[in-house]
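Please open the model in a viewer and keep the selection panel at hand. The stops below are given in the order in which they may be selected.

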Amino acid sequence: MAKYHPSVDLLTEYAAGILPLAQAACLSAHLNYCAQCRQQTAQLQDLGAELFSSLPPQPVAESLLDNVLARLDEAPPLRYQRVPESGVGRLPALLQRLMRGDFRELSWKKITRSLRISYLRTGDPSFEFALYHIKAGGRIPQHTHRGSEMTLILQGGFSDAHGSYHVGDFLYRDAEDDHAPTALQSEDCICLAVLDAPLRFTSWKYRWMNPFLQLRPG
Amino acid sequence: MEDSREAGTGQAIDASGRRVDEWSECLVLIGSNQDRAAFTRLFRHFAPLIKAFALAGSSLSATHADELVQEVMLKIWQKAGAYDPRKAAASTWVYTIARNCRTDMFRRLQKFDTPLAAEDFTPEQDDEEPLVQLQSRRNRERIKALMSTLPPDQAQILAKVYMEGKSHAEAANDMDLPLGTVKSRVRLALQKLQIQMERQ
(Lines give C-alpha, C1' and ligand atoms only; values in the text may rest on other atoms or scores of the structure.)
Protein backbone atom coordinates (compact mmCIF):
# COMPACT_ATOMS: atom_id res chain seq x y z
CA MET A 1 0.00 0.00 0.00
CA ALA A 2 1.52 3.27 -1.12
CA LYS A 3 2.13 5.80 1.65
CA TYR A 4 3.20 8.78 -0.42
CA HIS A 5 0.71 10.21 -2.88
CA PRO A 6 0.29 12.98 -5.45
CA SER A 7 -1.18 16.22 -4.13
CA VAL A 8 -4.80 16.99 -4.84
CA ASP A 9 -3.59 19.74 -7.23
CA LEU A 10 -1.83 17.18 -9.39
CA LEU A 11 -4.74 14.75 -9.22
CA THR A 12 -7.11 17.50 -10.32
CA GLU A 13 -4.96 18.42 -13.31
CA TYR A 14 -4.66 14.74 -14.16
CA ALA A 15 -8.44 14.22 -13.94
CA ALA A 16 -9.01 17.29 -16.11
CA GLY A 17 -6.68 15.83 -18.73
CA ILE A 18 -4.20 18.70 -18.66
CA LEU A 19 -1.17 17.25 -16.91
CA PRO A 20 1.77 17.10 -19.35
CA LEU A 21 2.01 13.71 -21.02
CA ALA A 22 5.13 12.43 -19.23
CA GLN A 23 3.84 13.48 -15.80
CA ALA A 24 0.42 12.01 -16.54
CA ALA A 25 2.11 8.70 -17.41
CA CYS A 26 3.93 8.68 -14.06
CA LEU A 27 0.82 9.62 -12.11
CA SER A 28 -1.30 7.01 -13.84
CA ALA A 29 1.33 4.39 -12.99
CA HIS A 30 0.93 5.36 -9.32
CA LEU A 31 -2.83 4.86 -9.63
CA ASN A 32 -2.20 1.24 -10.54
CA TYR A 33 -0.70 0.79 -7.08
CA CYS A 34 -3.13 2.94 -5.09
CA ALA A 35 -6.87 2.32 -4.65
CA GLN A 36 -7.23 5.48 -2.58
CA CYS A 37 -5.98 7.74 -5.35
CA ARG A 38 -8.05 5.85 -7.93
CA GLN A 39 -11.17 6.65 -5.95
CA GLN A 40 -10.16 10.25 -5.52
CA THR A 41 -9.51 10.53 -9.25
CA ALA A 42 -12.88 8.96 -10.03
CA GLN A 43 -14.56 11.65 -7.94
CA LEU A 44 -12.57 14.39 -9.62
CA GLN A 45 -13.69 12.93 -12.93
CA ASP A 46 -17.32 12.95 -11.75
CA LEU A 47 -16.82 16.63 -11.06
CA GLY A 48 -15.59 17.13 -14.63
CA ALA A 49 -18.62 15.27 -15.94
CA GLU A 50 -20.91 17.49 -13.90
CA LEU A 51 -19.31 20.65 -15.33
CA PHE A 52 -19.48 19.13 -18.80
CA SER A 53 -23.19 18.33 -18.44
CA SER A 54 -24.03 21.89 -17.52
CA LEU A 55 -22.17 23.58 -20.38
CA PRO A 56 -24.39 25.77 -22.57
CA PRO A 57 -24.96 23.48 -25.60
CA GLN A 58 -23.58 24.73 -28.92
CA PRO A 59 -25.66 24.15 -32.05
CA VAL A 60 -24.42 21.28 -34.22
CA ALA A 61 -25.28 21.12 -37.92
CA GLU A 62 -27.61 18.32 -38.98
CA SER A 63 -25.09 17.38 -41.66
CA LEU A 64 -22.62 16.43 -38.94
CA LEU A 65 -25.02 13.78 -37.66
CA ASP A 66 -25.43 12.49 -41.24
CA ASN A 67 -21.65 12.32 -41.63
CA VAL A 68 -21.26 10.36 -38.43
CA LEU A 69 -24.13 8.00 -39.26
CA ALA A 70 -22.55 7.35 -42.67
CA ARG A 71 -19.27 6.48 -41.01
CA LEU A 72 -20.62 4.08 -38.38
CA ASP A 73 -19.89 1.08 -40.58
CA GLU A 74 -16.24 2.06 -40.83
CA ALA A 75 -16.08 2.02 -37.04
CA PRO A 76 -17.14 -1.48 -36.05
CA PRO A 77 -17.88 -1.93 -32.37
CA LEU A 78 -14.91 -3.06 -30.31
CA ARG A 79 -15.15 -6.20 -28.23
CA TYR A 80 -13.64 -6.21 -24.81
CA GLN A 81 -12.05 -8.82 -22.67
CA ARG A 82 -11.83 -8.61 -18.98
CA VAL A 83 -8.68 -7.00 -17.68
CA PRO A 84 -6.70 -9.76 -15.98
CA GLU A 85 -6.12 -9.44 -12.27
CA SER A 86 -2.86 -7.74 -11.71
CA GLY A 87 -0.32 -9.91 -10.01
CA VAL A 88 1.95 -8.68 -7.29
CA GLY A 89 5.06 -7.13 -8.74
CA ARG A 90 3.51 -6.65 -12.16
CA LEU A 91 4.42 -3.35 -13.76
CA PRO A 92 1.72 -0.98 -14.99
CA ALA A 93 0.86 -1.82 -18.63
CA LEU A 94 1.60 1.70 -19.78
CA LEU A 95 5.18 1.37 -18.55
CA GLN A 96 5.58 -2.05 -20.07
CA ARG A 97 4.61 -0.57 -23.40
CA LEU A 98 7.13 2.23 -23.11
CA MET A 99 9.85 -0.19 -22.01
CA ARG A 100 9.11 -2.79 -24.68
CA GLY A 101 10.68 -5.49 -22.60
CA ASP A 102 11.77 -5.96 -19.04
CA PHE A 103 14.37 -4.13 -17.01
CA ARG A 104 17.21 -6.36 -18.18
CA GLU A 105 16.59 -5.65 -21.83
CA LEU A 106 16.80 -1.87 -21.52
CA SER A 107 19.95 -0.01 -22.28
CA TRP A 108 21.33 1.48 -19.09
CA LYS A 109 23.72 4.37 -18.98
CA LYS A 110 26.19 4.31 -16.12
CA ILE A 111 26.26 7.58 -14.16
CA THR A 112 28.09 6.61 -10.95
CA ARG A 113 29.18 3.33 -9.41
CA SER A 114 25.72 2.69 -8.01
CA LEU A 115 23.47 4.62 -10.39
CA ARG A 116 22.36 3.72 -13.90
CA ILE A 117 19.76 5.50 -15.99
CA SER A 118 17.63 4.27 -18.88
CA TYR A 119 15.77 6.88 -20.90
CA LEU A 120 12.34 6.00 -22.27
CA ARG A 121 10.60 7.76 -25.12
CA THR A 122 7.16 9.23 -24.37
CA GLY A 123 7.09 11.91 -27.07
CA ASP A 124 6.68 14.70 -24.51
CA PRO A 125 9.05 17.44 -25.69
CA SER A 126 9.43 19.11 -22.28
CA PHE A 127 10.05 16.23 -19.90
CA GLU A 128 12.65 13.58 -19.48
CA PHE A 129 11.14 10.21 -18.59
CA ALA A 130 13.70 7.80 -17.24
CA LEU A 131 14.20 4.75 -15.07
CA TYR A 132 16.83 4.96 -12.34
CA HIS A 133 18.53 1.82 -11.14
CA ILE A 134 20.24 2.31 -7.77
CA LYS A 135 22.26 -0.62 -6.43
CA ALA A 136 21.20 -1.99 -3.04
CA GLY A 137 22.60 0.35 -0.40
CA GLY A 138 23.88 2.68 -3.13
CA ARG A 139 23.44 6.41 -2.97
CA ILE A 140 22.59 9.06 -5.52
CA PRO A 141 24.95 11.97 -4.81
CA GLN A 142 23.43 14.97 -3.01
CA HIS A 143 21.51 16.94 -5.64
CA THR A 144 18.85 19.54 -6.29
CA HIS A 145 16.65 20.04 -9.31
CA ARG A 146 16.61 23.03 -11.53
CA GLY A 147 12.95 22.25 -12.11
CA SER A 148 10.52 19.66 -10.80
CA GLU A 149 11.02 15.95 -10.22
CA MET A 150 8.29 13.33 -10.04
CA THR A 151 9.36 9.93 -8.77
CA LEU A 152 7.52 6.62 -8.56
CA ILE A 153 9.11 3.57 -6.98
CA LEU A 154 8.76 0.41 -9.04
CA GLN A 155 11.03 -2.01 -7.22
CA GLY A 156 12.83 -1.99 -3.87
CA GLY A 157 12.89 1.37 -2.15
CA PHE A 158 15.06 4.25 -1.02
CA SER A 159 15.29 6.71 1.80
CA ASP A 160 16.44 10.30 2.17
CA ALA A 161 16.39 12.88 4.95
CA HIS A 162 12.60 13.24 4.58
CA GLY A 163 11.54 9.61 4.84
CA SER A 164 11.73 6.16 3.35
CA TYR A 165 9.82 5.09 0.28
CA HIS A 166 8.63 1.77 -1.14
CA VAL A 167 6.94 0.32 -4.20
CA GLY A 168 4.05 2.47 -5.40
CA ASP A 169 5.12 5.57 -3.46
CA PHE A 170 4.91 8.80 -5.41
CA LEU A 171 7.08 11.85 -4.73
CA TYR A 172 7.02 15.32 -6.17
CA ARG A 173 9.90 17.65 -5.52
CA ASP A 174 10.67 21.08 -6.78
CA ALA A 175 13.82 23.06 -7.33
CA GLU A 176 14.47 23.92 -3.67
CA ASP A 177 14.73 20.38 -2.39
CA ASP A 178 18.23 19.13 -1.84
CA HIS A 179 18.46 15.40 -1.17
CA ALA A 180 20.63 12.30 -1.44
CA PRO A 181 18.46 9.19 -1.86
CA THR A 182 19.99 5.93 -0.68
CA ALA A 183 18.61 2.61 -1.86
CA LEU A 184 17.50 0.14 0.81
CA GLN A 185 20.19 -2.37 1.78
CA SER A 186 18.07 -5.40 0.97
CA GLU A 187 17.64 -5.01 -2.79
CA ASP A 188 18.31 -2.84 -5.83
CA CYS A 189 15.89 0.02 -6.33
CA ILE A 190 14.29 0.91 -9.62
CA CYS A 191 12.27 4.07 -9.87
CA LEU A 192 10.72 6.17 -12.55
CA ALA A 193 11.72 9.83 -12.61
CA VAL A 194 10.11 12.58 -14.66
CA LEU A 195 12.13 15.78 -14.86
CA ASP A 196 11.73 19.09 -16.66
CA ALA A 197 15.31 20.19 -15.92
CA PRO A 198 18.49 18.23 -15.31
CA LEU A 199 19.70 17.18 -11.88
CA ARG A 200 22.34 19.33 -10.29
CA PHE A 201 24.79 17.60 -7.96
CA THR A 202 25.59 19.76 -4.95
CA SER A 203 28.31 17.65 -3.32
CA TRP A 204 31.75 18.86 -4.33
CA LYS A 205 32.87 15.42 -5.40
CA TYR A 206 30.34 15.21 -8.21
CA ARG A 207 29.84 18.84 -9.18
CA TRP A 208 32.17 18.50 -12.12
CA MET A 209 29.55 16.26 -13.73
CA ASN A 210 26.84 18.94 -13.83
CA PRO A 211 27.68 20.24 -17.31
CA PHE A 212 27.28 16.71 -18.63
CA LEU A 213 23.86 16.17 -17.08
CA GLN A 214 21.68 17.36 -19.87
CA LEU A 215 17.95 16.89 -20.00
CA ARG A 216 16.83 14.29 -22.54
CA PRO A 217 13.18 15.02 -23.20
CA GLY A 218 11.03 13.36 -25.85
CA MET B 1 -26.26 -7.61 -10.70
CA GLU B 2 -28.36 -8.36 -13.75
CA ASP B 3 -30.39 -5.93 -15.76
CA SER B 4 -33.95 -6.98 -16.35
CA ARG B 5 -36.15 -5.49 -18.99
CA GLU B 6 -39.87 -4.81 -18.70
CA ALA B 7 -41.57 -6.34 -21.71
CA GLY B 8 -42.51 -3.83 -24.34
CA THR B 9 -41.32 -0.66 -22.62
CA GLY B 10 -37.62 -1.09 -23.23
CA GLN B 11 -37.08 0.47 -19.85
CA ALA B 12 -34.02 -0.90 -18.13
CA ILE B 13 -34.32 -1.59 -14.44
CA ASP B 14 -31.31 -2.32 -12.32
CA ALA B 15 -31.16 -4.85 -9.52
CA SER B 16 -32.25 -2.36 -6.89
CA GLY B 17 -35.34 -1.67 -8.98
CA ARG B 18 -34.21 1.76 -10.05
CA ARG B 19 -34.72 3.11 -13.51
CA VAL B 20 -31.55 3.58 -15.42
CA ASP B 21 -31.55 7.03 -16.95
CA GLU B 22 -32.29 7.62 -20.58
CA TRP B 23 -28.68 8.08 -21.68
CA SER B 24 -27.38 5.00 -19.90
CA GLU B 25 -30.15 3.11 -21.60
CA CYS B 26 -29.11 4.46 -25.01
CA LEU B 27 -25.51 3.42 -24.42
CA VAL B 28 -26.56 -0.07 -23.39
CA LEU B 29 -28.73 -0.38 -26.52
CA ILE B 30 -25.88 0.77 -28.73
CA GLY B 31 -23.50 -1.62 -27.05
CA SER B 32 -25.76 -4.64 -27.24
CA ASN B 33 -27.67 -4.10 -30.52
CA GLN B 34 -25.81 -1.41 -32.47
CA ASP B 35 -29.06 0.51 -32.20
CA ARG B 36 -28.85 3.50 -34.55
CA ALA B 37 -31.99 5.18 -33.26
CA ALA B 38 -30.55 5.19 -29.75
CA PHE B 39 -27.30 6.51 -31.17
CA THR B 40 -29.14 9.35 -32.91
CA ARG B 41 -30.89 10.34 -29.68
CA LEU B 42 -27.59 10.25 -27.85
CA PHE B 43 -25.98 12.34 -30.58
CA ARG B 44 -28.65 15.03 -30.37
CA HIS B 45 -28.12 15.34 -26.65
CA PHE B 46 -24.34 15.06 -26.36
CA ALA B 47 -22.97 16.49 -29.62
CA PRO B 48 -23.88 20.08 -28.60
CA LEU B 49 -22.16 19.54 -25.23
CA ILE B 50 -19.05 18.09 -26.85
CA LYS B 51 -18.94 21.04 -29.19
CA ALA B 52 -19.26 23.43 -26.26
CA PHE B 53 -16.46 21.54 -24.51
CA ALA B 54 -14.25 21.81 -27.61
CA LEU B 55 -14.84 25.53 -27.95
CA ALA B 56 -14.46 26.25 -24.23
CA GLY B 57 -10.69 26.08 -24.51
CA SER B 58 -11.00 28.61 -27.34
CA SER B 59 -7.75 27.39 -28.94
CA LEU B 60 -9.68 24.99 -31.19
CA SER B 61 -11.29 26.37 -34.34
CA ALA B 62 -14.91 25.64 -35.27
CA THR B 63 -13.63 23.07 -37.79
CA HIS B 64 -11.62 21.31 -35.12
CA ALA B 65 -14.61 21.43 -32.81
CA ASP B 66 -16.75 19.63 -35.40
CA GLU B 67 -13.97 17.16 -35.97
CA LEU B 68 -13.84 16.48 -32.25
CA VAL B 69 -17.61 15.94 -32.12
CA GLN B 70 -17.36 13.33 -34.89
CA GLU B 71 -14.39 11.62 -33.32
CA VAL B 72 -16.01 11.39 -29.91
CA MET B 73 -19.33 10.15 -31.28
CA LEU B 74 -17.61 7.46 -33.36
CA LYS B 75 -15.64 6.35 -30.31
CA ILE B 76 -18.88 6.13 -28.35
CA TRP B 77 -20.32 3.89 -31.06
CA GLN B 78 -17.26 1.67 -31.00
CA LYS B 79 -16.84 1.44 -27.26
CA ALA B 80 -20.43 1.33 -26.03
CA GLY B 81 -20.04 -2.44 -25.48
CA ALA B 82 -17.66 -1.66 -22.63
CA TYR B 83 -20.06 0.73 -20.90
CA ASP B 84 -21.37 -0.57 -17.59
CA PRO B 85 -24.26 1.48 -16.16
CA ARG B 86 -23.51 0.17 -12.67
CA LYS B 87 -20.10 1.77 -12.70
CA ALA B 88 -20.59 5.17 -14.22
CA ALA B 89 -23.30 7.59 -15.20
CA ALA B 90 -23.59 7.93 -18.97
CA SER B 91 -22.42 11.52 -18.86
CA THR B 92 -19.30 10.59 -16.89
CA TRP B 93 -18.46 7.97 -19.48
CA VAL B 94 -19.07 10.33 -22.39
CA TYR B 95 -17.14 13.13 -20.69
CA THR B 96 -14.15 10.85 -20.20
CA ILE B 97 -14.06 9.99 -23.90
CA ALA B 98 -14.47 13.65 -24.87
CA ARG B 99 -11.67 14.67 -22.51
CA ASN B 100 -9.33 12.02 -23.87
CA CYS B 101 -10.08 12.90 -27.50
CA ARG B 102 -9.55 16.59 -26.80
CA THR B 103 -6.23 15.93 -25.08
CA ASP B 104 -5.13 13.82 -28.06
CA MET B 105 -6.23 16.51 -30.48
CA PHE B 106 -4.24 19.16 -28.61
CA ARG B 107 -1.19 16.91 -28.75
CA ARG B 108 -1.69 16.22 -32.45
CA LEU B 109 -1.95 19.93 -33.16
CA GLN B 110 1.27 20.47 -31.22
CA LYS B 111 2.88 17.77 -33.38
CA PHE B 112 3.63 15.44 -30.48
CA ASP B 113 5.16 12.24 -31.76
CA THR B 114 4.06 9.85 -29.05
CA PRO B 115 3.24 6.14 -28.86
CA LEU B 116 0.58 6.90 -26.24
CA ALA B 117 -3.05 7.95 -26.55
CA ALA B 118 -4.86 9.63 -23.66
CA GLU B 119 -7.01 6.56 -23.07
CA ASP B 120 -3.88 4.50 -22.33
CA PHE B 121 -3.59 6.52 -19.14
CA THR B 122 -6.69 4.97 -17.59
CA PRO B 123 -5.65 2.96 -14.54
CA GLU B 124 -6.09 -0.74 -15.22
CA GLN B 125 -7.55 -2.03 -12.01
CA ASP B 126 -11.26 -1.73 -11.74
CA ASP B 127 -12.81 -1.47 -8.35
CA GLU B 128 -15.44 -4.12 -8.67
CA GLU B 129 -16.75 -4.09 -5.13
CA PRO B 130 -20.47 -3.21 -5.03
CA LEU B 131 -19.78 -0.73 -2.26
CA VAL B 132 -17.50 1.28 -4.49
CA GLN B 133 -20.09 1.27 -7.26
CA LEU B 134 -22.82 2.43 -4.95
CA GLN B 135 -20.52 5.15 -3.71
CA SER B 136 -19.82 6.33 -7.22
CA ARG B 137 -23.52 6.95 -7.88
CA ARG B 138 -23.85 8.80 -4.60
CA ASN B 139 -20.77 10.88 -5.37
CA ARG B 140 -22.21 12.06 -8.60
CA GLU B 141 -25.54 12.99 -7.01
CA ARG B 142 -23.82 14.78 -4.17
CA ILE B 143 -21.57 16.78 -6.47
CA LYS B 144 -24.55 17.79 -8.56
CA ALA B 145 -26.48 18.91 -5.49
CA LEU B 146 -23.58 20.85 -3.98
CA MET B 147 -22.43 22.54 -7.18
CA SER B 148 -24.89 25.41 -6.77
CA THR B 149 -23.46 26.22 -3.33
CA LEU B 150 -20.03 27.13 -4.73
CA PRO B 151 -19.11 30.80 -4.62
CA PRO B 152 -18.67 32.21 -8.16
CA ASP B 153 -14.88 32.61 -7.86
CA GLN B 154 -14.47 28.92 -7.05
CA ALA B 155 -16.88 27.77 -9.75
CA GLN B 156 -15.05 29.96 -12.25
CA ILE B 157 -11.69 28.35 -11.50
CA LEU B 158 -13.09 24.84 -11.81
CA ALA B 159 -14.53 25.78 -15.20
CA LYS B 160 -11.15 27.14 -16.28
CA VAL B 161 -9.31 24.00 -15.28
CA TYR B 162 -11.79 21.38 -16.44
CA MET B 163 -13.62 22.96 -19.34
CA GLU B 164 -11.00 25.34 -20.72
CA GLY B 165 -8.23 22.87 -20.00
CA LYS B 166 -5.95 25.34 -18.23
CA SER B 167 -3.37 24.18 -15.71
CA HIS B 168 -3.43 25.91 -12.33
CA ALA B 169 -0.49 28.03 -13.48
CA GLU B 170 -2.19 29.04 -16.74
CA ALA B 171 -5.42 29.83 -14.91
CA ALA B 172 -3.46 32.03 -12.49
CA ASN B 173 -1.89 33.83 -15.40
CA ASP B 174 -5.22 34.30 -17.20
CA MET B 175 -6.94 35.66 -14.16
CA ASP B 176 -4.01 37.66 -12.91
CA LEU B 177 -3.99 35.85 -9.59
CA PRO B 178 -1.12 34.37 -7.60
CA LEU B 179 -0.75 30.61 -8.18
CA GLY B 180 -1.33 29.98 -4.47
CA THR B 181 -4.73 31.68 -4.67
CA VAL B 182 -5.79 29.52 -7.59
CA LYS B 183 -4.70 26.35 -5.82
CA SER B 184 -6.45 27.29 -2.62
CA ARG B 185 -9.68 28.15 -4.46
CA VAL B 186 -9.63 24.75 -6.15
CA ARG B 187 -9.03 23.07 -2.80
CA LEU B 188 -11.83 25.04 -1.14
CA ALA B 189 -14.18 24.09 -3.95
CA LEU B 190 -13.24 20.42 -3.58
CA GLN B 191 -13.89 20.65 0.16
CA LYS B 192 -17.31 22.16 -0.45
CA LEU B 193 -18.11 19.38 -2.90
CA GLN B 194 -16.79 16.89 -0.33
CA ILE B 195 -14.22 15.54 -2.75
CA GLN B 196 -11.29 15.34 -0.44
CA MET B 197 -8.87 12.96 1.02
CA GLU B 198 -8.75 12.18 4.71
CA ARG B 199 -4.97 12.09 4.54
CA GLN B 200 -2.77 15.20 4.23
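Over which ring does the charged end of R102(B) sit? Select R102(B) together with F53(B): the charged end of the arginine lies over the ring of F53(B), 3.8 Å from its centre. The model is a predicted one, and side-chain atom pairs count only at pLDDT 80 or more.

Keep F53(B) selected and add F52(A), W23(B), F46(B) and Y95(B); these five residues form one aromatic cluster. A search of the whole structure gives 11 aromatic pairs over all chains. One of these is the stacked pair of F52(A) and F46(B), with 6.5 Å from centre to centre and 10° between the planes. This pair crosses between chains: F52(A) belongs to helix α3 (residues 35-53) of chain A, and F46(B) to helix α2 (residues 36-56) of chain B. Are the two rings in buried or exposed residues? F52(A) is buried, with a relative accessible area of 0%, and F46(B) is buried as well, at 1%.

Next, go to W208(A) and F212(A). Their ring centres are 6.3 Å apart and their planes meet at 65°, so the pair is edge-to-face. Both W208(A) and F212(A) are exposed.

Return to chain B for a second charge over a ring. Select R107(B) and F121(B): the charged end of R107(B) sits over the ring of F121(B), 5.9 Å from its centre.

**The interface**

Now select the contact between the two chains, which takes 76 residues from chain B and 73 residues from chain A. The size of an interface is often given as the accessible area lost when the parts come together. Here chain B and chain A bury about 6,900 Å² between them, with 60% of it on carbon and sulfur atoms.

For the polar side of the contact, display E50(A) and K144(B), whose side chains meet in a salt bridge at 3.8 Å, N to O. Between chain B and chain A there are eight salt bridges, and 25 residue pairs are in polar contact, both residues being at pLDDT 80 or more. On the side of chain B that touches chain A, the elements giving two or more residues are α2, α3 (62-79), α4 (90-109), α5 (130-147), α6 (152-163) and α8 (179-192) of chain B. Which element gives the most? Colour α2(B), which contributes 14 residues to that side.

**Chain B as a whole**

Hide chain A and show chain B as a cartoon. Chain B has eight helices and two strands, and along the sequence the pattern is β-β-α-α-α-α-α-α-α-α. Of the 200 residues in chain B, 50% are buried. Among the contacts in chain B with a separation of 6 or more, 54% join residues 24 or more positions apart.

**Two backbone stops**

Most residues other than glycine have a negative phi. Select Q34(B), which is not a glycine and yet has a positive phi of about 50°. Q34(B) lies in the loop between α1 (22-33) and α2 of chain B, and at 31% relative accessibility it counts as partly exposed.

The last selection is K111(B), in the loop between α4 and α5 of chain B. Its phi is also positive, at about 60°, although K111(B) is not a glycine. With a relative accessibility of 71%, K111(B) counts as exposed.

Note on methods: Residues numbered from 1 in each chain as written. Chains lettered and ligands numbered in written order. Predicted model: local features only at pLDDT ≥ 70, side-chain atom pairs only at ≥ 80, totals over all residues. Heavy atoms only, no water. Phe/Tyr/Trp six-rings, centres within 6.5 Å; stacked < 30°, edge-to-face > 60°. Helix = DSSP H or I, 4+ residues; strand = E, 2+ residues; numbered from the N terminus. Buried < 20%, exposed > 50% of the residue type's maximum accessible area, 1.4 Å probe, protein only. Lys NZ or Arg CZ within 6 Å of the ring centre and 35° of its normal. Contact = heavy atoms within 4.5 Å. Buried area = accessible area lost by both parts, 1.4 Å probe. Salt bridge = Lys/Arg side-chain N within 4 Å of Asp/Glu carboxyl O. Polar contact = N/O pair within 3.5 Å; in protein donor to acceptor, adjacent residues only side chain to side chain.
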